[in-house]
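Thank you all for coming. I would like to walk you through a structure that is probably new to most of you, so please have a look at it before I go on.

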Amino acid sequence: MAKHVGIKLPDDLIEYLQKEHALGILATFSEKGIPNTTPIQCIYPKGSESLLLSIHKEHTGYHNMVWQKKIMICFLGESNIAYSILGRAGVVRAPSQVHPLMNIVRIDIIDIKSDRSILTKVEQGILWSYTSSEAEELVKSLYKELKDLAKSL
């Protein structure tokens, strides 16, 4: 059952996004209307009405965001709620101070809806791990950059 949330991030979603293991699925469309989805690990709330995320500058999702601006990002939680955020993207730092191939994008929230299945429930959420110690260091550094930038923007 879908429920309109508004334009402000709910407290439980803010709390989830402030953890380094948050994961969202970013959805974009190309100029030809071809859909693209990708998992985003480096994401942080900037207040209650926008998000900051880090994405590779050559990624299809990044190119689509720059071209179209509108995005959708979805988060699944252990509370069995799926939050879908419609937003407008804008590059705020290119390149990232952490890595020259990563850019930082601000997503200003246009609308949020929550959804919950009445037939099934999420038991553990999405679990992921780092592919290497270098990947862990990069993600933690990018996450810290997002967190610091959220305070200064």
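I will speak about confidence, then cysteines, then salt bridges, and at the end about one alanine.

Please keep in mind that this is a predicted model. The mean pLDDT of the protein is 90, and 95% of its residues reach 70 or more. Among the elements, the lowest mean pLDDT, 81, belongs to strand E1, residues 3–6, whereas strand E5, residues 50–56, has the highest, at 97.

Let me turn to the cysteines. How many disulfides does a search of the whole structure find? The search finds 0, and for Cys42 the reason is distance, because its sulfur is 18 Å from the closest cysteine sulfur, that of Cys74, which is too far for a bond. Cys74, correspondingly, is in no disulfide. As for their surroundings, Cys42 is buried, with a relative accessible area of 6%, while Cys74, at 23% relative accessibility, counts as partly exposed.

Now to the salt bridges, of which a search of the whole structure finds 6; I will describe three pairs, including one between Lys8 and Glu49, whose closest N and O atoms are 2.6 Å apart. Lys8 lies in the loop between E1 and helix H1, and Glu49 in the loop between strand E4 and E5, so this pair ties together parts that are 41 residues apart in sequence. Both partners are partly exposed, Lys8 with a relative accessible area of 46% and Glu49 with one of 35%.

Another salt bridge joins Arg93 and Glu145, with the closest N and O atoms 2.8 Å apart. This pair also links distant parts of the chain, since Arg93 sits in strand E7, residues 82–93, and Glu145 in helix H3, 52 residues apart. Is each partner buried or partly exposed? Arg93 is partly exposed, with a relative accessible area of 21%, but Glu145 is buried, at 6%.

Within helix H3 itself, the side chains of Lys144 and Asp148 meet in a salt bridge, at 2.7 Å from N to O. Being 4 residues apart in that helix, the two are separated by about one helical turn, and Asp148 is partly exposed, with a relative accessible area of 34%.

Finally, helix H3, residues 133–152, also holds Ala150, which counts as buried at 13% relative accessibility. Which residues does Ala150 contact, leaving aside its neighbours within four places in sequence? They are Tyr44, Pro45, Lys46 and Leu52. Tyr44 is 106 residues from Ala150 along the chain, yet their C-alpha atoms are separated by 7.7 Å.

How values were computed. Residues are numbered from 1 along each chain as its sequence is written. This is a predicted model: local features need pLDDT of at least 70, side-chain atom pairs count only at pLDDT 80 or more; totals for chains, interfaces and linings use all residues. Side-chain values use heavy atoms; hydrogens and water are left out. pLDDT is the predictor's confidence in each residue, from 0 to 100. Buried means under 20% relative accessible area, exposed over 50%, partly exposed in between (1.4 Å probe, protein chains only). Contact means heavy atoms within 4.5 Å. A disulfide is a pair of cysteine sulfur atoms within 2.5 Å. A salt bridge is a side-chain nitrogen of Lys or Arg within 4 Å of a carboxyl oxygen of Asp or Glu.
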